[in-house]
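Please look over the sequence and the model below before reading on. The paragraphs that follow move from a single residue outwards to the whole chain, and then back to selected parts of it.

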Amino acid sequence: MARISLDLAHSYKPNPQQDSDYALLPLKMEFEDGGAYALLGPSGCGKTTMLNIMSGLLVPSHGKVLFDGRDVTRASPQERNIAQVFQFPVIYDTMTVAENLAFPLRNRKVPEAQIKQRVGVITEMLELSGQLNQRAAGLAADAKQKISLGRGLVRSDVAAVLFDEPLTVIDPHLKWQLRRKLKQIHHELKLTLIYVTHDQVEALTFADQVVVMTRGRAVQVGSADALFERPAHMFVGHFIGSPGMNFLPAEADGAELAVVGHRLALPAGRALPAGSLQVGIRPEYLALAAAQQPGALACSVAQVQDIGTYLMLTAKVGEHTLKARFSPETRLPSAGDTVWLQVLGEHTCYYQNEELLA
Ligand SMILES: Nc1ncnc2c1ncn2[C@@H]1O[C@H](COP(=O)(O)OP(=O)(O)OP(=O)(O)O)[C@@H](O)[C@H]1O
């Protein structure tokens, strides 16, 4: 396994002039040996480009890729010793499940006894033991994709295993099981795993560290907890969570903050540079407050929805909308009523130029 370091940028255009010409803007990043990472972001943000640069399918237009300090920028996937799992199954239909799994090891002349042992471990983990001697051709799409996952995981000597949206063809129930399974496999096999997805639940259940990307930039690398509690960039606040973080424009001036024109005292000990900023608060932390309570805003209730496991309150303050989540037993006001919501508190984040200030 290897520690992967990136110090690069990539443009598919021959003469990039502006930021929008780059699929990846200049970035420096380290993937630690044995870590479980997810590259998370919307379509077109540069995830596959980054993965293909790590695997060796693509040479970056600028900069370098290092594996354990060794420059591998122009080395092929074979030379880098990378295993890859793609969106759709890549297996041999005429071979049995066992033969498919053994293939990457036979190719490398691993002794038969060792192959048997390793294939046994992987089939057990992926719950394929009952189908070992079946031909792959007769299997359902998700069983075939499990074989693909197994082929990616079967070698213990790879620098890293890279996954590009590997659960796309899997049905939703099995998807949930496989996500948990992959996490368990990571703990047992201690391989470096890098996993591309646009699905936040998939990224947050699988990875120890999630790289959140938007428009060719990696805007934050962090644990699920860090991305939820302290989004480093407004995009992370908005993209992570269901629904995402609420934002309100504000003007800071000494110990006070004018939020949508309402002057609120900042919590004790909180200092912000004077000027325009955005106040960010998660729907989970937007609590009910008494009228005129410091740090609270009077809002107008637009809607209360029963989502089953929680209640969702939608409120307006001026032209701005706030979403707040409450437990099902909370007594909430009705549409048209005024509600006071605690906007400033210990979980509130403050942003300037989209970056976290405090
Ligand atoms: N071979 C290519 N030639 C030119 N432009 C490309 C090529 N591959 C990707 N791009 C562009 O680079 C940008 C990043 O694409 P990339 O496929 O890395 O994003 P992604 O986050 O993986 O998206 P998706 O989830 O849709 O696969 C996009 O604007 C895309 O159109």
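Which residues does Tyr37 touch, not counting residues up to four places away in sequence? In this predicted model, the partners of Tyr37 are Phe31, Leu193, Ile194, Tyr195, Ala207, Gln209 and Val211. Tyr37 also belongs to the largest nonpolar core, which has 96 residues, and it is listed there with Ala38, Leu39, Val161, Ile194 and Leu341 as the residues with the most contacts inside that core. At least three residues of this core come from each of domain 1 (4–238) and domain 2 (246–356). In soluble globular proteins, nonpolar side chains tend to be buried together.

The protein as a whole can be described next. The C-alpha atoms fill a box of roughly 75 × 50 × 35 Å along the principal axes, and the chain forms 9 helices and 21 strands. Of its 358 residues, 38% count as buried. Among the contacts with a separation of 6 or more, 65% join residues that are 24 or more positions apart.

The domain assignment divides the protein into domain 1 (4–238) and domain 2 (246–356), and the centres of the two domains, taken over C-alpha atoms, are separated by 39 Å. To the contact between them, domain 1 contributes 6 residues and domain 2 contributes 8 residues. On the side of domain 1 that touches domain 2, there are 3 nonpolar, 2 polar and 1 charged residues.

The ligand comes next. Its surroundings consist of Tyr12, Ala23, Gly41, Ser43, Gly44, Cys45, Gly46, Lys47, Thr48, Thr49 and His198, and by class this shell divides into 3 nonpolar, 7 polar and 1 charged residues. Lys47 and Thr49, both named in the shell, are also among the buried residues of helix H1. This helix, which spans residues 47–55, is mostly covered, with 7 of its 9 residues buried; besides Lys47 and Thr49, the buried residues are Met50, Leu51, Ile53, Met54 and Ser55. Just after H1, Gly56 takes a positive phi of about 100°.

The remaining part of this tour concerns a sheet. It is an open sheet of 6 strands in the order S13-S12-S11-S14-S20-S21, with antiparallel pairing. At its edges lie strand S13 (262–265) and strand S21 (355–356), each of which pairs on one side only. Strands of a sheet pair through backbone hydrogen bonds, either parallel or antiparallel.

Within this sheet, strand S11 (residues 246–253) can be followed in some detail. S11 is joined by 4 bridges to strand S12 (residues 256–259), with the two running antiparallel, and Ala250 stands opposite Val259 in S12. The two strands form a hairpin with 2 residues between them, and Gly254 in the turn has a positive phi of about 65°. S11 is also joined by 7 bridges to strand S14 (residues 275–281), again in antiparallel fashion, and here the bridge partner of Asn246 is Ile281.

Which side chains of S11 are buried, and which are not? The side chains alternate along the strand: Asn246, Leu248, Ala250 and Ala252 point to one face and are buried, whereas Phe247, Pro249, Glu251 and Asp253 point to the other face and are not buried. Two residues met above in the pairing, Asn246 and Ala250, thus both lie on the buried face of S11.

Technical notes: Residues are numbered from 1 along each chain as its sequence is written. This is a predicted model: local features need pLDDT of at least 70, side-chain atom pairs count only at pLDDT 80 or more; totals for chains, interfaces and linings use all residues. Domain bounds come from an automatic or database domain assignment. Two residues are in contact if their C-beta atoms, placed from the backbone, lie within 7 Å. Ala, Val, Leu, Ile, Met, Phe, Trp, Tyr, Cys and Pro count as nonpolar, Asp, Glu, Lys and Arg as charged, and the others, Gly among them, as polar. A residue is near a molecule or strand if its C-beta atom, placed from the backbone, lies within 6 Å of it. A residue is buried if 20 or more other C-beta atoms lie within 10 Å of its own, exposed if 12 or fewer, and partly exposed in between; C-beta atoms are placed from the backbone. Two strands pair if DSSP finds at least two bridges between them. A nonpolar core is a set of buried Ala, Val, Leu, Ile, Met, Phe, Trp, Tyr and Cys residues joined through C-beta atoms within 7 Å.
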